[in-house]
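Work through the following exercises with the structure open beside you, and try each task before you read its solution.

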Amino acid sequence: MLFDYRTRWRRWALLSSCVAALGASAFTTPEPALVQQILAKLTGFYQATAPEKSYLHLDKSYYAAGELIWFKAYVVDAGKHLPDTLSRVLYVDLVGPNQQVVARRVLQLNAGTAAGDLVLPDSAAQGSYTVRAYTNWMRNAGPDYFFSRSLPVLGTKSTVVAKRKPAATKPDFQLFPEGGQLINGLPNVLAFKATDQQSRGLAVKGELLNEAGKPVASFASLHAGMGAVTFTPEAGHTYTARVTWPDGSTSAQAVPAAAPAGGLLLHVEPAATQVGIRMARKVPDANAAPENITLVAHVRGQVAYVGQSALANGEVLSSRIPIERFPTGIVHFTMFDAQGVARCERLAFVNRQDGLRLTVRPDKANYGPRQKVTLALETRDAAGQPVPAQLSLAVTAADLERADAPTIVSHLLLSSDLRGHIEDPAYYFRNVEPETRQALDHLMLTQGWRRFVWQQLLNSPLPVGEYALERGLSLSGQVWRTERKPAPQSELTLLIGNALGNLTTSTTDNQGRFLFTGFGGQDSARVVVQARTPKGSPALMAKLTDRWAGVPALYPPALMPDAALTASFGQRSRQQQSIERQFGPDTTRRIMLSNVVIKGRREPVPDDPRRIFTGADVILKTSSIPGFDNYPNALMALQGRIAGVQIMGNGMQMSVQIRGAGSIIGSSQPLILLDGMPVRDIEAILTIPASDIESVDVFKGASASMFGTQGANGVMAFYTKRGGSASTSSSNSLGVARATVPAYYRGREFYAPRYEVPASVQHPDHRGATLYWAPNVSTNAEGQGTVTFYTSDDLGAFRVSAEGLSPSGRPGTGSATLMVQRGG
């Protein structure tokens, strides 16, 4: 059957400045309602979620136990990769082979960047570790959006990974129809991916066979086990892929069945200067009326192309779009039918080669030991014009750098917007050869999109984030009623430390959520949050949001170095660590001590961690009072039982007076504490059954002076039972939650001695693994910068790796090689 090809395609180009306002002036004809809905939802989604991306530039690719992992963090908005994000706090985790967190850092972002380090313990077990970085806001999208990188670590011994799922006995082979479905009677592209048990690509070849075993097409992978084949399925036939594996064995995989009722087909052909689009429609009804279809293309939420036209049965439309229409990155093409249902989706990568041009030039080709090295850095845009940039720079032994390590370019433009692990992401940016571009398109066909599903986006309200946007360190959570329903408009009191002057009040929102901000971050702070109903009752549960994201399923393991590199690197690492501990500065102010014997008396641990204030004159356990639990409230049960405390009244009309100098002047109401937190009035205690009170402390006279003027009339502190046992965790205290707000981490200083003047005592210098690390390097408005350092006593080849961002969000990398040899 001959298909009618035509290129009459009504194109609507949207300028990025008009997208947010959805200006009709950007269209050549009035916008249909469907287009308005699609664009409004897409724009609203990115405005509501404001996605962010994080990336860590590490000093090298291999590490050993006892070493420091030096890193520079970059955090950008996900749309235009601008470095000054809404978030100002970054969390960095190091996860061990057993999925346990080894180290954590809280960093303050400045212009989207922060420098830090992670300590590998001397006793670290050998295996694959994972470093990850995220903001609190990124947690709303899930751990798939965190930066994560697997690191091989040489340790004292290998570790057994707990709870590891059994490895598959066979490699995996998957098939992916372009656009999401096969259509009978039309040429279809069928992509595939073959991987081993550790998700690494396998080179395969094979054939597509019909049900009679007759070959209809052959295929072979191009890169990392991925490839594609074009064939035309016919109605009434089924197909199988026969795969030949590297070891010569074969297996069979059923090809997805074509859509029984036919439908729409979308084909995309990325090229060096343009993107070719082909759309077709094929349904069984030969007399079917033309259908209006809409094509939308966006890059990270920026709408780059919208087109709409009627498509008849058996008709093929084609169009070519210049790549200048798109920002560099993954283009998300979606074809909608007349009812606004997304029928076909396809990812394509557009590389305009408009990234930051970063050049590193050493002042010499060869250097000797302890010689000065001067690196000239130059940053330019794609047009060759100088631009400033913020950079980080590492100089490490050349054999400790892996060619497949991610870069800021590969992560921001590729990995951060795709589902699943990407093998050797930097491969796709090493050159612009047709083969590389084809391999990248195979990746687009197989890895998939993950930010949203069109059906949910168009038919559901915009998402509401559970995790707060942090402009500074914060404390958030939610208050619940006893029946596990949110408690809106609850009254909150926040106490920082044990001083009543550090007290803040607030209320929860309509969902019982709360957020406290303004923590300085210079020192860690122990805080207590107390929640009460509007009437003062503590019969609530206050649950704080965990500051750290949970550790998900196992990460893809890192490849360990071979035996020769393991031995060589292990020796160099031990030498460098020894020198750094003896002579290197440590900005964390650790002091190397000889053997020290510490003698002292261990202070008793308080029985109840809620007792922030100690030294009470009276401590009364309610269990010692017969029949205490039978009273309506604690005050009625305590009448006449505490010396110096006068309790008057009955029912809900009661008052307390503690005899002393302060109680006879003005108001006689003492300060009332409930689980360590002050309450507004005595009514809060009257609403609690006596059976829920565990103990009562009374402070009077000099003992109450620690409370300042608030304790002038004495203090009466009530403590509730926690699950009926004093040994139960205090997290179950009615309406009370405790936490520690951490301080910002202060990074160490990299040990890099300077040899301008010969030292009288020549200490050995074995910086043989990481020769130099400079996390905060920048170029000026003329795109120029300089870095100087000295070589060590170690000889060999060292690789300079520089990465960074321009103010407009263009990522770039640059590298050079230094040779250190005798007589250099």
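To place a residue in a loop between two strands, one must know what a strand is: here strands are DSSP runs of E with at least two residues, numbered from the N terminus. Please keep in mind that this is a predicted model.

**Exercise 1.** Determine where Gln489 lies, and decide whether Gln489 is buried, exposed or partly exposed.

*Solution.* Begin with the strands: Gln489 sits in the loop that runs between β29 (473–481) and β30 (491–496). Next, consider the backbone, where phi of Gln489 is near 55°, a positive value in a residue that is not glycine. Finally, buried means under 20% relative accessible area and exposed means over 50%, and because the relative accessible area of Gln489 is 41%, this residue is partly exposed.

**Exercise 2.** Carry out the same steps for Gln99: which loop holds Gln99, and is Gln99 buried or exposed?

*Solution.* The loop that holds Gln99 is the one between β6 (89–95) and β7 (101–108). Although Gln99 is not a glycine, its phi is positive, at about 70°. Gln99 counts as buried because its relative accessibility is 17%.

**Exercise 3.** Find out which helix gives the most residues to the largest nonpolar core, and which residues Leu56 touches.

*Solution.* The largest nonpolar core has 64 residues, and Leu56 and Val92 are among the members that touch the most others. Helix α2 (residues 33–49) gives the most to this core, contributing 7 residues. Leaving aside residues up to four places away in sequence, Leu56 touches Phe71, Lys72, Ala73, Val92, Val131, Ala133 and Phe147.

Terms used: Residues numbered from 1 in each chain as written. Predicted model: local features only at pLDDT ≥ 70, side-chain atom pairs only at ≥ 80, totals over all residues. Heavy atoms only, no water. Core = buried A, V, L, I, M, F, W, Y, C linked by side-chain atoms within 4.5 Å. Buried < 20%, exposed > 50% of the residue type's maximum accessible area, 1.4 Å probe, protein only. Helix = DSSP H or I, 4+ residues; strand = E, 2+ residues; numbered from the N terminus. Contact = heavy atoms within 4.5 Å.
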